[in-house]
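Today I'm opening my notebook on a new model. I want to look up what touches what, one entry at a time.

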Protein chains: 2
Amino acid sequence: MQQLIRESSLFREVSAQGLNQVLGSGILRSVEGGGFYFMQGDPAAHAYVLVSGRVKMVQIAPNGQQITLRIMTPGQTFGGIAILQPQAGYPATAQAEEDSAAMAWDTAHLRELAKTEPSISLNAMQLMHGYITELQERQQALVTGRVEQRIARILLKLAADSGKKTEDGILIDIPLTRQDVAEMSGTTLFTVSRTMSEWERNGLLKIGRERVIIREPHGLVKIADDLAR
Amino acid sequence: MQQLIRESSLFREVSAQGLNQVLGSGILRSVEGGGFYFMQGDPAAHAYVLVSGRVKMVQIAPNGQQITLRIMTPGQTFGGIAILQPQAGYPATAQAEEDSAAMAWDTAHLRELAKTEPSISLNAMQLMHGYITELQERQQALVTGRVEQRIARILLKLAADSGKKTEDGILIDIPLTRQDVAEMSGTTLFTVSRTMSEWERNGLLKIGRERVIIREPHGLVKIADDLAR
DNA sequence: TTTTCTATTTGCGCCAGCGCAAAGACAAAT
DNA sequence: ATTTGTCTTTGCGCTGGCGCAAATAGAAAA
């Protein structure tokens with residue numbers, strides 16, 4: 001657990017004594033599956049490092065449609081904007097997908113810590129930079145790519161993040177509904193189902209209820225990178 | 001000019017002596033219309049504050065299609081990620097739309113300055129947070145909204161940023177081609193033309209070559225916010 | 001086993017928006 | 001006034017992907 005914090009994206013490179021302060025000033029929060037750490041727009045009062053479980057960052061559009069931004073695994077940071085004035089609202093909602101726990105630091109402590117440990121600020125910026133890059137890539141895909149490509153990319157990304165090798169291919173080791181994939185790729189449940197079924201017929205995937213195994217990553221990559229439009 | 005820097009998004013709230021250092025360590029670069037301050041992927045060596053002219057931030061997709069992220073006006077910061085390790089590449093390309101000039105600071109100086117003036121780090125984070133919010137909003141619009149809505153929003157945003165009141169309505173005070181609008185709203189030149197012509201017929205807009213006047217902002221807002229889909 | 005609940009598939013119809021091509025309208029240069 | 005180059009409009013045809021509804025299939029509970 002200390003290990004996890006020390007290597008977390010927010011506190012890596014923090015000195016030994018700094019780390020003690022960090023550990024001392026954080027509090028542990030646990031949220032059961034389906035619950036929320038915070039909702040989009042809430043004043044950004046805490047930054048979190050996930051300790052156990054899985055947490056989904058989602059956005060909810062005015063019309064109620066959901067967009068899943070990312071699925072976090074232990075060690076990852078969310079709500080990092082809390083370093084700024086808490087007036088800044090959280091830009092997304094953090095929902096636990098299963099029972100989970102996370103360490104939390106409030107704005108005041110964070111700023112205090114950042115004063116003596118500048119790497120915290122840098123880490124936070126690094127994180128934000130990462131989000132920006134990711135968002136831009138996604139936006140690019142949305143504008144320039146076909147739905148098919150977007151789905152392929154999401155599957156590959158999931159495989160990279162939580163893939164496990166099996167004899168059949170790479171298993172995406174999270175319960176994953178077609179709806180989930182749709183929310184991540186900006187399309188509908190139906191289109192995802194049709195597309196993935198097609199891929200199963202071609203032998204690219206092996207799919208089951210809430211399960212995806214990638215048989216031929218290479219084939220997916222080819223689809224994802226295909227320039228033709 | 002000092003005025004501009006003092007009030008810029010990157011250096012606001014910096015102390016008087018800090019500001020002197022800032023002014024001393026920056027260099028002035030000018031780029032003629034069509035030229036580039038930097039290209040997407042270049043190592044992020046400098047952060048800039050625009051002094052004069054207009055600069056467009058664009059992304060170029062693998063297939064060559066362009067996405068315009070924002071159009072900067074004097075006082076705004078671009079390339080702010082340079083505070084991080086320059087290994088981080090710029091996430092977008094900065095192209096001058098007309099003859100322009102900008103103050104530039106390199107990574108080493110920035111970090112030095114940030115050490116004594118912590119507000120610089122905070123400003124940078126604030127900036128990044130702004131981008132993230134903007135990108136997320138745009139992504140949401142891309143996924144959930146109709147093309148019509150996206151165009152309406154872009155026009156409203158442009159009006160907010162560079163609108164000038166005239167007797168006919170709000171003039172968007174930048175030369176703006178249909179292609180530009182298309183790149184910002186993630187659609188095509190043709191669709192933009194058709195949509196805007198329609199709006200002109202309905203009296204919402206008055207349009208000309210590279211010119212847009214919003215006659216009834218309220219009508220556009222209604223389209224932009226319309227939940228029906 | 002049977003029931004119940006939720007996830008998934010699939011047929012069908014539909015239309016928003018794309019892409020091309022050709023014509024028209026401006027603005028600046030000659 | 002004429003030319004040249006760029007921006008804009010518009011007709012036409014096409015199709016990817018959406019949305020609904022009904023059927024099917026798994027998994028878990030009873």
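**Entry 1: helices at the DNA.** I started with DNA strand C. I found that α7 (189-201) of chain A and α7 (189-201) of chain B each supply at least two residues of the surface near this strand. I should keep in mind that this is a predicted model. Which helix gives the largest share of that surface? I looked it up, and α7(A) does, with 5 residues.

**Entry 2: who comes nearest.** I listed 18 residues around DNA strand C. The ones that come nearest are Ser193(A) and Arg209(A) from one chain, and Val147(B), Thr191(B) and Arg209(B) from the other. On the DNA side, I noted that sugar and phosphate make up 60% of the strand C atoms that come within 4 Å of the protein.

**Entry 3: what kind of residues.** I sorted the residues of the surface near DNA strand C by type. I got 8 charged, 6 polar and 4 nonpolar.

**Entry 4: single atom pairs.** Next I zoomed in on a few distances. For Arg209(A), I found a polar side-chain atom 2.9 Å from a base oxygen of DNA strand C. Arg194(B) also reaches a base oxygen of the strand, with a side-chain N or O atom at 3.0 Å. What part of the DNA does Val147(B) meet? Here I wrote down a phosphate oxygen of DNA strand C, 2.9 Å from a backbone N or O atom of Val147(B).

**Entry 5: chain against chain.** Then I turned to the two protein chains. I counted 36 residues of chain A in contact with 36 residues of chain B. Together the chains bury about 3,600 Å², and 67% of that is on carbon and sulfur atoms. Within chain A, I saw that Met125(A), Gln136(A) and Gln139(A) lose the most area to chain B, together 18% of what that side buries.

**Entry 6: salt bridges and polar contacts.** How many salt bridges cross the interface of chain A and chain B? My rule finds 0. I also checked residue pairs in polar contact, with both residues at pLDDT 80 or more, and that count between the chains is 0 as well.

**Entry 7: which elements build chain A's side.** I noted three elements of chain A that each supply at least two residues to the side touching chain B: β4 (55-60), β5 (66-72) and α4 (118-144). Of these, α4(A) gives the most, with 17 residues. My last tally was by type: the side of chain A that touches chain B has 20 nonpolar, 14 polar and 2 charged residues.

Note on methods:
Residues numbered from 1 in each chain as written. Chains lettered and ligands numbered in written order. Predicted model: local features only at pLDDT ≥ 70, side-chain atom pairs only at ≥ 80, totals over all residues. Heavy atoms only, no water. Contact = heavy atoms within 4.5 Å. Buried area = accessible area lost by both parts, 1.4 Å probe. Salt bridge = Lys/Arg side-chain N within 4 Å of Asp/Glu carboxyl O. Polar contact = N/O pair within 3.5 Å; in protein donor to acceptor, adjacent residues only side chain to side chain. Helix = DSSP H or I, 4+ residues; strand = E, 2+ residues; numbered from the N terminus. Nonpolar A, V, L, I, M, F, W, Y, C, P; charged D, E, K, R; others polar. Near = heavy atom within 4 Å.
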